Amino acid sequence: MNTKSNTDNNAFYYTPSLPSSKEELDVAPENTILTHLHVDKQVLLTSMCYYHATLGRPVVPTRTWKNFQSGRYDKKMDFIEWSKWKHSEQTSEEFQTVCSFIESGEANGFGVLMGRCKDGRYLCLFDHDTKTLRREQNESEEVFQKRVEHQKTAILIGHTIMTKLPPTKTESSVNNGLHSSILSCTPLEDKDNYHDQAAIELITDGLVIVAPSFGYRNIGSDVIAEMQNPRQWLYHQLQQNCILPKAKEEHLKKSVKAESYNFDIAQLVDLTKFAHRGNSEYQGAHPVHGSTTGNNFTINTEKNFYYCFRCESGGSALHLLAIQNGLINCGDQLRGDNFKKALNFAVDKGYISKEVVAQSKTKTVYKELDETETIYVSRPTVVTNEFIAEMIWSRTELPKYVKYVFQTETFEIVSEIALGELDAKGRTIIYTPPYNDSLKKNTVIVPSSYIECSFEEVFSDIDAFVVLSYDACGQDALVRLLTRIAVGSWFMDRFVADPLYDIAGSGKFAPILPIRGPSQSGKNRLAFVLRLLSYRPYFQMSTYRIPSIFRPIDFWHGSIVLDEADFNNTNEKSELIHFLNCRATGTPISRQNSVDPNKTDVFDNFGITILTQRRGFDDNATESRAIPFYSQSSDKKLPILETDEMLMKGLQLQNKLLYLRMKYYRQVTIDKEAWVSDLSDHRLIAALLPLLALSKFNPALKDTITATAKAVEMAKIEEKANSMDGQLINCLWEKIKEHLFEEYQPNLYYVLESIDVTESDGKEIVQREALTTTMLAEQFKWSPTSIRKALNSLGIAEKGLSPVVRVNGKNVKVIFFMPDLIEKRLKEFVVGYGQDGVTVATVATVATSFIPRGAPKQQTLNVDSAGDKPILALSLESSKFAVEALAKECVSCEPVDNYVSSVSVFKPPFQSVKTTYRYRQYTGGEYCPLCNSAKATVEIMDHKGDEFIRCQSCFEKMMATYTSVNWEPYEYREKQGASLEVC
């Protein structure tokens, strides 16, 4: 086998030269007839055109010439548009036109369309060829030579396979490749491309240039050999060379048998209702389970094949017929009794003749389909009480398992795993690593091996990897926390140690990591870093079909990276929000099976989610499950694109993290009762639980959590403050701080828009205007209905209250709040909110605490003047409840009158006693939590004994606002407690 190399623009090329004679193929040469005839070239071409025409295959005139820049003959020109003959025979007039191009010398060769011949056989071609390898600009010599050696190996395997073909018409191509024509007795669909593994391709349709065209010569027999099934023969040869797995060969053998009973698929579907996408491609809605988009189903009339994008499956006409008649569901295999029934349907409807079925040894086929002893199941992870097995893929070989045995603490590499399990038909279940397009096209990333390391070592490597790949712009501590959370994704399945206690939506939590910022702010680069640190990341970009995410995740059980995840609608009705919320809580997604109403398809959906966005979520629940990071444009001169060095280090980290997952799998136990001090965000704590579990092996993780978790919580509050709920709460808080509220009942207030004080006849007249949802709608440009729904969902007041209150002689729908309820929302949505701020602002008195929460609701509350003492008028039931409660706390609280009708009047003596607040000088140096702009100088203790601090300005405002409070200085720190208020 010869090789040649040349230098062009400092780029090195490796061009293999395939065997050019039968001697090199170790096959005895056979004398050819036409090659040795001393006849004119055009006459020879024309005679060979007639030879192929007798087979019933169309021929096409071509012209080939040499590309002197590359030294290869790669310029080909067709004089006639030949695709029309893929569906129709070539007429004698059209054939004469082809010959005229050859006889005139315009064409120096011709091609033949592969496919069905006149006698019912199928013309196909084994193409043994390869492409010139070009050394890339940044490719090292070592890597390039590995590619060269890999190609040499593939050529040798192909050479071995070609020598085993029967004597047939074999030609040396213009670029020293080999073409071996074969007549198949079995219909062949699609071509089989094994260029990377064996430099061989089985061509079953399309145009192929043949000898004696320019540069092509026949080096084999003049007669094309016949084979029962060339595809099956090729699979067998590939298996002998360890290229095709046995499981796949068995599956393909069965599908080839099923093709013997194929018929025209266009008879099953009305193609007039489908969009014509090409010469033989039609697209529309699935004829059985339909489509929400109307484009989930395609039919290729040339290949006689259908494909369903929803179920990610396809098949022949017989397969589709079985689905239409309810024998199987879309996506299921056609086998056993269902296969027999489908054949009967085809015979009854005239698609297949009885003679074909009778003559095709169907009993043998049935036996092979029914009595299969083994079933192969693709699964990326297998876990038992004895071991854990994770798939690995080196990208040059078939995937394998790395298996770690817990008791012996040993690793081993295996190709498949048998646990002694049987399916419903008694067949042995064998687990194999998946090998599909998601893996081959690197949509999902799996480790290539395992590398021994420690947690301390891998975290050090991660920090170096971040510095190499991304500029945190001063947010190093937060980025460090995000990378640790990504590492925690490798142990997400340790939330539930015992599968017996695994309940959907309970006991698990996985955070959403949105990376936000404008264009060119480095979002994608950080997503790239986190992707390579996460467990089995699955990548999707700007998808609008949520099933295309949760269906593969159900298979891979890993992390998700969503690029460009800015959707027009991210509220609670969005399908994306439903998906993310289910994913965070570990709730599987259910879909009713469209074919079988008694069947429900359930998709497992749990793990961390990494997003790149420009803005946050509208839905507050989803935002609360997120740990947002705001990326900034960097002045650091980082590479524009991810370099090979970055990719290499990231993939090495995958191998190290795989080792840690398997080594410590049984030792990692997530404590769901663990707590992080100084945090109040429960979902943030839940997101950090895997890290707390890993801190057992790396105590430095606790320092990372302590240093950054509070900042993360503040960042989440800032983001939530911008949501609809957050804007409403902050607006109400601004009103409350300005004392724009009115007490309606004890412990119940409503918000005011304004208070106007005017003078008339020497008297002050106070005009109060209540805040309404209409006012908020005008301010925020939202609808009053949406604001009312948002306020109800926030739960800042008890349910069932009538919002109509009489204010300034008018009935107005007000916005109620209760101090203890709204305070929970203030902590969640207001940046810098201090403890008990709303309680201080509303000056809650002891009288308020005397009314238990379970007291009957008051129907009316009118405050009148009876001399200089206030009188409260309540309903009979409420007043009795209140008086009895007061009597327990204060013996001097006695009813003034007996209960009269439905109203009772009493004098609460606590109204004449002022509430006492004590204060002293504060020198702690902290900032005032109310204004957050000046240092606190005063420490205050309220009537309950609770302490808080204020700056001098805020303290003076409080004293001026709360004139009903008795302010006393004190020089001791002991809390006085509620005894200060005893009547």
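Serine 559 touches Ser489, Ser534, Tyr535, Arg536, Pro537, Tyr538, Ile553, Arg583 and Ile608, leaving aside residues up to four places away in sequence, where contact means heavy atoms within 4.5 Å. This is a predicted model, in which local features need pLDDT of at least 70 and side-chain atom pairs count only at pLDDT 80 or more, while totals for chains, interfaces and linings use all residues. Residues are numbered from 1 along each chain as its sequence is written, and side-chain values use heavy atoms, with hydrogens and water left out.

Two loop residues can be set side by side; helices (H or I, at least four residues) and strands (E, at least two) are DSSP runs, numbered from the N terminus, and buried means under 20% relative accessible area, exposed over 50%, partly exposed in between (1.4 Å probe, protein chains only).

| Residue | Loop between | Relative accessibility |
|---|---|---|
| Serine 559 | helix H15 (547–556) and strand S31 (560–563) | 2%, buried |
| Lysine 169 | helix H3 (141–163) and strand S10 (170–172) | 3%, buried |

Lysine 169 touches, among others, Met48, His52, His179 and Asn218, and the C-alpha atoms of lysine 169 and isoleucine 219, which are 50 residues apart along the chain, are separated by 7.7 Å.

Helix H2 covers residues 92–103, and its buried residues are Phe95, Val98, Cys99, Phe101 and Ile102. Seen down the axis of H2, these buried residues fall within an arc of 155°, so they line one face of the helix; the arc is that of the directions from the helix axis to the C-beta atoms. The face of H2 turned away from its buried side carries the exposed residues Glu93 and Glu103.

Key. The expected span of a helix is 1.5 Å times one less than its number of residues.
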